[in-house]
Amino acid sequence: MTILEKIVEKTKIRVEKLKKEKPDLTAFTPVNPKTFTFEKALKTPELSLICEVKKASPSKGIIAEHFPYAEIAKEYEAAGAAAISVLTEPEFFLGSNQYLTDISKAVKTPLLRKDFIIDEVQIYEAFQIGASAILLIAAILEPEPLKQFIKTADSLGLSALVETRNEEEIKSALQAGARIIGVNNRDLHTFKVDVETTVRLRRFVPDDIIYIAESGIATREDILKLGKIDAVLIGETLMKSENKKRVIQELKGL
């Protein structure tokens, strides 16, 4: 069983627990739906940075022993992050819904809930804990659920970043109505990284779709190699940095 398959199996258990604890979670119409602030923040002429708050990962283990997550988010916001990604997957990434909720109270920057969404209930949960956007991973979602999940996110005013790895997944994302497509340079089955993946797949994504590079990007030189993209998601490099503002400025070429 691959790491991704293990994560999905654990997520199924978490989802069943959530449904038992909050059976009415999907039975509401939001009085104040979100306003797609995540995608609006990325629609700028210049490259946008999505800065990630992450304690650990399956491939790297503990990334940040000291983890003042709300302060980190504030630092990202002050340095000009267009959006902030927050890991909420608890077992393999040591994330927490509480991190996202606390960060949503500490900053005004749009927040992406970074998790493994396999059930609609998680989208409603994302809305309630303070997310502005959700991550949908094409590798673990069939075309029909992917389409339905985007519709559900739309009904709540949440943006949906659809993560892909190949031409087939990009095609599935576009057919499902994705307005934001990310390419993960890390293979979620082997966890090997190839930054050229973003470059290779660019031609399959229309110009009016927000195109994001994810994983394996550490320097301004890495960004320049990516070609025509709208945003970059940066995690480990920033989390390991003592001076996050300086690194963000360097990544932006300032």
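Buried means under 20% relative accessible area, whereas exposed means over 50% and partly exposed lies in between. The exercises below apply these terms to a predicted model.

**Exercise 1.** Determine which residues the salt bridge between glutamate 125 and arginine 113 places in contact with the rest of a network, and whether each of the two is buried or exposed.

*Solution.* Begin with the contact itself: the side chains of glutamate 125 and arginine 113 meet in a salt bridge at 2.9 Å, taken from N to O. Next, locate the partners, for glutamate 125 sits in helix α5 and arginine 113 in strand β5, 12 residues apart, and the pair links distant parts of the chain. Then turn to accessibility: glutamate 125 has a relative accessible area of 11%, so this residue is buried, and arginine 113, at 0% relative accessibility, counts as buried too. Finally, salt bridges with shared partners join Arg14, Arg113, Asp115 and Glu125 into one network.

**Exercise 2.** Describe how strand β6 is covered and which strands pair with β6.

*Solution.* Start with the strand alone: β6 covers residues 133-137, and 5 of its 5 residues are buried. In a regular strand the side chains alternate between the two faces of the sheet. In β6, Ala133, Leu135 and Ile137 point one way while Ile134 and Leu136 point the other way, and all are buried. Now consider the neighbour β5 (residues 111-114), which runs parallel to β6 and is joined to it by 2 bridges, with leucine 112 standing opposite alanine 133. Between these strands the chain passes through helix α5 (residues 121-129), in a β-α-β crossover that is right-handed. The other neighbour to consider is β7 (residues 159-164), parallel to β6 and joined to it by 5 bridges, where leucine 161 stands opposite leucine 135. Together with helix α6 (residues 143-156), β6 and β7 make a right-handed β-α-β unit.

**Exercise 3.** Work out where the partners of two further salt bridges lie, aspartate 154 with arginine 179 and glutamate 250 with arginine 246.

*Solution.* For the first pair, the side chains of aspartate 154 and arginine 179 meet at 2.9 Å, N to O. Because aspartate 154 lies in helix α6 and arginine 179 in the loop between α7 and β8, this pair ties together parts that are 25 residues apart in sequence. Aspartate 154, at 29% relative accessibility, is partly exposed, and arginine 179 is partly exposed at 31%. For the second pair, the closest N and O atoms of glutamate 250 and arginine 246 are 3.0 Å apart. Both residues lie in helix α11 (residues 244-252), 4 residues apart, about one turn of the helix.

Technical notes:
Residues numbered from 1 in each chain as written. Predicted model: local features only at pLDDT ≥ 70, side-chain atom pairs only at ≥ 80, totals over all residues. Heavy atoms only, no water. Buried < 20%, exposed > 50% of the residue type's maximum accessible area, 1.4 Å probe, protein only. Pairing = 2+ DSSP bridges. Right-handed = clockwise from strand over helix to strand, strands pointing away. Salt bridge = Lys/Arg side-chain N within 4 Å of Asp/Glu carboxyl O.
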